[in-house]
Amino acid sequence: KNISLKTDIGIIIDTVKVLIKQGADINIRTKSDQSALMLAGEYGHFKVFQELIKNGAGFVVEKPTNEH
């Protein structure tokens, strides 16, 4: 099973790289206000975390304010 897990993590990292290359917003937040960086850290995906940081993911991202 370790081989399968390593392969799955490799696929995740490759997917992250492709999404970044295609211009995905790496600082976008979920409805519960979590970023990809936060989720990578929470689930222990250190290599994904590193890839996001390497490509400019912010630790603190200001949410836009609704000014009326």
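Helices, counted when they span at least four residues, and strands, counted when they span at least two, are DSSP runs numbered from the N terminus. With that in hand, Ser35 can be placed in the loop between α1 and α2. The exercises below concern a predicted model.

**Exercise 1. The overall plan**

Find how many helices and strands the chain has, and describe the order of its elements from the N terminus on.

*Solution.* Begin with the count, which gives three helices and zero strands in the chain. Next, follow the chain from its N terminus, and the elements run α-α-α. Then turn to burial, where buried residues account for 18% of the 68 residues. The surface completes the outline, since the chain exposes about 5,700 Å², of which carbon and sulfur atoms supply 58%. Finally, take the contacts between residues at least 6 apart in sequence, of which 50% join residues at least 24 apart.

**Exercise 2. Confidence**

Determine in which helix confidence is lowest and in which it is highest.

*Solution.* Start from the whole chain, whose pLDDT averages 83, with 76% of the residues scoring at least 70. Going helix by helix, confidence is lowest in α1, where the mean is 78, and highest in α3, where the mean is 94.

**Exercise 3. The two sides of helix α3**

Identify the buried residues of helix α3, and decide how they are arranged around the helix.

*Solution.* First list the buried residues of α3, which covers residues 46-54: they are Val48, Glu51 and Leu52. Seen down the axis of α3, these residues fall within an arc of 100 degrees, so they line one face of the helix. The other side of α3 carries the exposed residues Phe46, Lys47 and Lys54. As a last step, look just past the end of α3, where Gly56 takes a positive phi of about 95 degrees.

**Exercise 4. The nonpolar core**

Name the residues of the largest nonpolar core, and state which elements give two or more residues to it.

*Solution.* The largest nonpolar core has nine residues, namely Ile13, Val16, Ile20, Ile26, Leu37, Ala40, Val48, Leu52 and Ala57. The elements giving two or more residues to this core are α1 (2-21), α2 (36-42) and α3. Of these, α1 provides the largest share, with three residues. Ala57 can then be examined by itself: leaving out residues up to four places away in sequence, Ala57 touches Ile26, Asn27, Leu37 and Leu52. Val48, another core member, also allows a comparison of distances, since Thr15 and Val48 are 33 residues apart in sequence and 9.8 Å apart in space, C-alpha to C-alpha. Thr15 has its place in helix α1, and at 40% relative accessibility Thr15 counts as partly exposed.

**Exercise 5. The salt bridges**

Establish how many salt bridges there are, and describe the surroundings of the residues that form them.

*Solution.* The count comes to two, taking a side-chain nitrogen of Lys or Arg within 4 Å of a carboxyl oxygen of Asp or Glu as the rule. One of them joins Arg29 to Asp33, with the closest N and O atoms 3.6 Å apart. At 26% relative accessibility, Arg29 counts as partly exposed, and Asp33, at 30%, is likewise classed as partly exposed. Another joins Lys54 to Glu51, with the closest N and O atoms 3.5 Å apart. Both Lys54 and Glu51 belong to helix α3, where they are three residues apart, about one turn of the helix. An α-helix has 3.6 residues a turn, so residues three or four places apart point the same way. The partners nevertheless have opposite labels, for Lys54 counts as exposed at 62% relative accessibility, while Glu51 is buried at 11%.

**Exercise 6. The loop between α1 and α2**

Decide whether Ser35 is buried or exposed, and find what is notable about the phi of Asp33.

*Solution.* Ser35 is buried, because its relative accessible area is 3% and the cut-off for burial is under 20%. Leaving aside neighbours within four places in sequence, Ser35 is in contact with Ile28 and Arg29. Asp33 lies in the loop between α1 and α2, and its phi is near 65 degrees, a positive value in a residue other than glycine. As background to this last step, most residues other than glycine have a negative phi.

Notes. Residues numbered from 1 in each chain as written. Predicted model: local features only at pLDDT ≥ 70, side-chain atom pairs only at ≥ 80, totals over all residues. Heavy atoms only, no water. Buried < 20%, exposed > 50% of the residue type's maximum accessible area, 1.4 Å probe, protein only. Contact = heavy atoms within 4.5 Å. Areas by Shrake-Rupley, 256 points an atom, 1.4 Å probe, with all protein chains shown as cover. Arc of directions from axis to C-beta. Core = buried A, V, L, I, M, F, W, Y, C linked by side-chain atoms within 4.5 Å. pLDDT = per-residue confidence, 0-100.
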